[in-house]
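Here are my comments on the two-chain model, set out as numbered points. Please read them with the sequence and the coordinates open beside you.

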Amino acid sequence: MSIAGFEVEVERGTGLETEQMTLNMGPQHPSTHGVLRFVIKADGEVMRRAVPDVGYLHRSIEKISEKVGYHGFMPYTDRVDYVAAMFCNQGWGMVTEKLADIEVPKRGEYCRVIAAELNRIASHLLSVGTMILDIGAITPFFHSFREREKINDLLEELCGARLTYNYMRIGGVAWDLPPGYEEKVLGFLGQLEPMLDEFHDLVTENTLFRGRCSNVAAIPGEQAVAYNLVGPNLRASGVRYDVRRDEPYSVYPELEFDVPVGTGAAGSVGDSFDRYAVRIAEIKESMKILRQCFRQIPDGPVVAKVPRKLKPPEGDAQIRVESARGDMSWYAVSDGTEFPYRCKVRTGSFAAMSIIEDISPGLMLADLVTVIASLDIVAPEVDR
Amino acid sequence: MDAASIHSRLRDKFADKILSVEESVKDPFAVVDGAAIRELCTYLRDDEGLSFDVLTNQAGVDYKAEGHVEVVYHLYSYKHRHYVILKVRVPRDAAEIPSVESVWKAANWLEREIFDLLGVHFVDHPDLRRILMPEDWVGHPLRKDFVEPEEYHGINTTRESLLR
């Protein structure tokens, strides 16, 4: 592969001659959380430019949608982002419901929110755990993964799968909450709280961690908006926007929660530390939402009656879901047949990945790992 | 601002560049002249009352029967919390649209993806390369007349060959 401008260049006439190297990082690299590649032009330890090369995990999910029908596409959506698959399920469900005018029963919506918020906690735990691992500390990783494992158990009890859930259906969810689920989840939340404090002591106030994160790749609000950064990455840059609160869907209008933003606690607003801190704060908000859900969940059916051969009327629809990686936009076109004519999903990692080339100049080579991890990039979500 | 008043503002400003508007559907949209898309988008972004500061989604759809490829722009304003959807229709065999990368940086990769999968050429795009498919791939997979190749670099892709 050749990218223009990646030849070795020698700067002459300065007295101190330096040589720019072209380095390859990936596609197999432990910090890339999947398979992705960077072509880096570096001057010693300092990057002049890092160009992402994506597509290694492209599985043509959008093309598959045109061949499997509306119901049949649901398990494929899991694979868009297998770290937070509930949101992909929900996105596909919502866009189809909008196309076909299907109303989800209240209890079904609550089940969706419970599953999604559990998944959000799991995803954020994975994100902060691996971020710290990539930076070089191994202990906090086990703390966060121990808790994530418990959520996997809870979600397994809910739907039988630990990662690719296929829990939601068009018109609701596949199964009602199992008996005693409320006690189990609330019990888990009760012991997650002290764990977060422990995590806080171990990581957030750690000098080495702060040294690696503060002021690293600070993204100003305007730049974040121009690149369409979404979710925690956008909020870390100081833009208080959350689809759940500002373009409410499902039962979120009935739930109370705060939208944390980056404050520049360890340096400048929108740096890698802020992105970490916002995720930790969001875990706490999700816990709040879960507790309210169990208090408010009504009785009733969990799934609407939907024809097995679903043929939405001709037209197109767009919806947005606040996934763990931010606003996930689904756009679907129906031509009146039982197969979607086109389905397009714009994910949070896609935008986060595209900003790296612009923020990389001047960063240390080792900071690239911090940047990828703090932007919470999940490669399959970029490539789909 | 609701879709209808945004559309009427656009009509006042750009008159014949707005080809048609559809307001009785789930997501109201305006079909606009492709040649003017950058001018339109710059206005939508910079006007105080509109300030569409983010391109949330950009999707290409191949309408083979109608003979055109459609590129759909989903714009959103964080300031005013409103949406607008623009659609540009270009002929399938001469799919060329001015790039809006200079308006929103987010368009850079979104347009690369549409170029890669649907073969729409974005004029003045700084780096129009394939993004998801391999660089030596032939054809654009989301075109409705795309035929899947039977092999790629000696790797057979048909199911029968796997069963044999």
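**Notes on the predicted model**

1. I begin with one position in chain A, where Ala352(A), once its neighbours within four places in sequence are left aside, is in contact with Leu229(A), Asn233(A), Leu375(A) and Ile377(A). The residue sits in helix α12 of chain A, and it counts as buried because 31 other C-beta atoms lie within 10 Å. The C-alpha atoms of Ala352(A) and Val382(A) are 8.9 Å apart, although 30 residues separate the two along the chain. Please keep in mind, here and below, that this is a predicted model.

2. Helix α12 (348-354) also appears on the side of chain A that faces the other chain. In the model, 30 residues of chain A are in contact with 25 residues of chain B. On the chain A side, the elements that give two or more residues are α1 (61-68), α8 (221-226), β8 (315-323), β9 (326-334), β10 (340-346) and α12 (348-354) of chain A. By class, the residues on this side of chain A comprise twelve nonpolar, eight polar and ten charged.

3. Which residues touch the most other members of the largest nonpolar core? They are Ala115(A), Leu229(A) and Val120(B), out of 153 residues in that core, and Leu229(A) has already been named among the contacts of Ala352(A). The element that gives the most to the core is helix α4 (residues 106-135) of chain A, with 15 residues. In soluble globular proteins, nonpolar side chains tend to be buried together. For Val120(B), the contacts beyond its neighbours within four places in sequence are Gly60(B), Val69(B), Val71(B), Val90(B), Ala95(B), Ile97(B), Ile114(B) and Phe115(B).

4. Helix α14 of chain A deserves a separate comment: eight of its eight residues are buried, so the helix is largely enclosed by the rest of the structure. The residues concerned are Asp367(A), Leu368(A), Val369(A), Thr370(A), Val371(A), Ile372(A), Ala373(A) and Ser374(A), and they pack against β4 (37-43), β5 (46-53), α4, α7 (207-213), α11 and α13 (356-359) of chain A. Just after α14(A), Asp376(A) takes a positive phi of about 55°, and I would ask the reader to look at this position in the model.

5. One of those packing partners can be described further, since the axes of helix α11 (residues 272-296) of chain A and helix α14 (residues 367-374) of chain A come within 9 Å and cross at roughly 30°. At that angle, under the 35 degrees that serves as the limit, α11(A) and α14(A) are therefore roughly parallel to each other, and their crossing is left-handed. Ser272(A), Arg275(A) and Tyr276(A) of α11(A) make the contact with Thr370(A), Val371(A) and Ser374(A) of α14(A). Sorted by class, this contact of α11(A) with α14(A) holds two nonpolar, three polar and one charged residues.

6. A second helix pair in chain A is formed by α5 (residues 139-159) and α6 (residues 181-204), whose axes come within 10 Å and cross at roughly 170°, which makes α5(A) roughly antiparallel to α6(A). From α5(A) the contact takes in Thr139(A), Pro140(A), His143(A), Ser144(A), Glu147(A), Lys150(A) and Leu154(A), while α6(A) brings Lys184(A), Val185(A), Phe188(A), Leu192(A), Met195(A), Glu198(A), Phe199(A), Leu202(A) and Val203(A). The residues of this contact divide into nine nonpolar, three polar and four charged.

7. Turning to chain B as a whole, there are four helices and nine strands, arranged from the N terminus as α-β-β-α-β-β-β-β-α-β-β-β-α. Its C-alpha atoms fill a box of roughly 65 × 30 × 25 Å along the principal axes, and 38% of its 164 residues count as buried. Among the contacts in chain B with a separation of 6 or more, 48% join residues 24 or more positions apart.

8. Finally, two loop residues have a positive phi although neither is a glycine: Ser60(A), at about 50°, and Arg81(B), at about 55°. Ser60(A) lies in the loop between β5 and α1 of chain A and counts as partly exposed, with 16 C-beta neighbours inside 10 Å. Arg81(B) lies in the loop between β4 (68-76) and β5 (83-91) of chain B and is exposed, with 11 other C-beta atoms within 10 Å.

Conventions. Residues are numbered from 1 along each chain as its sequence is written. Chains are lettered from A and ligands numbered from 1 in the order in which they are written. This is a predicted model: local features need pLDDT of at least 70, side-chain atom pairs count only at pLDDT 80 or more; totals for chains, interfaces and linings use all residues. Axes are lines fitted to C-alpha atoms, for helices over the stretch in contact, and angles run from 0 to 180 degrees between N-to-C directions. Angles under 35 degrees count as roughly parallel, over 145 as roughly antiparallel, 65 to 115 as roughly perpendicular and the rest as oblique. A crossing is left-handed if the near helix is turned anticlockwise from the far one by less than a right angle, and right-handed if clockwise. Two residues are in contact if their C-beta atoms, placed from the backbone, lie within 7 Å. Ala, Val, Leu, Ile, Met, Phe, Trp, Tyr, Cys and Pro count as nonpolar, Asp, Glu, Lys and Arg as charged, and the others, Gly among them, as polar. A nonpolar core is a set of buried Ala, Val, Leu, Ile, Met, Phe, Trp, Tyr and Cys residues joined through C-beta atoms within 7 Å. A residue is buried if 20 or more other C-beta atoms lie within 10 Å of its own, exposed if 12 or fewer, and partly exposed in between; C-beta atoms are placed from the backbone.
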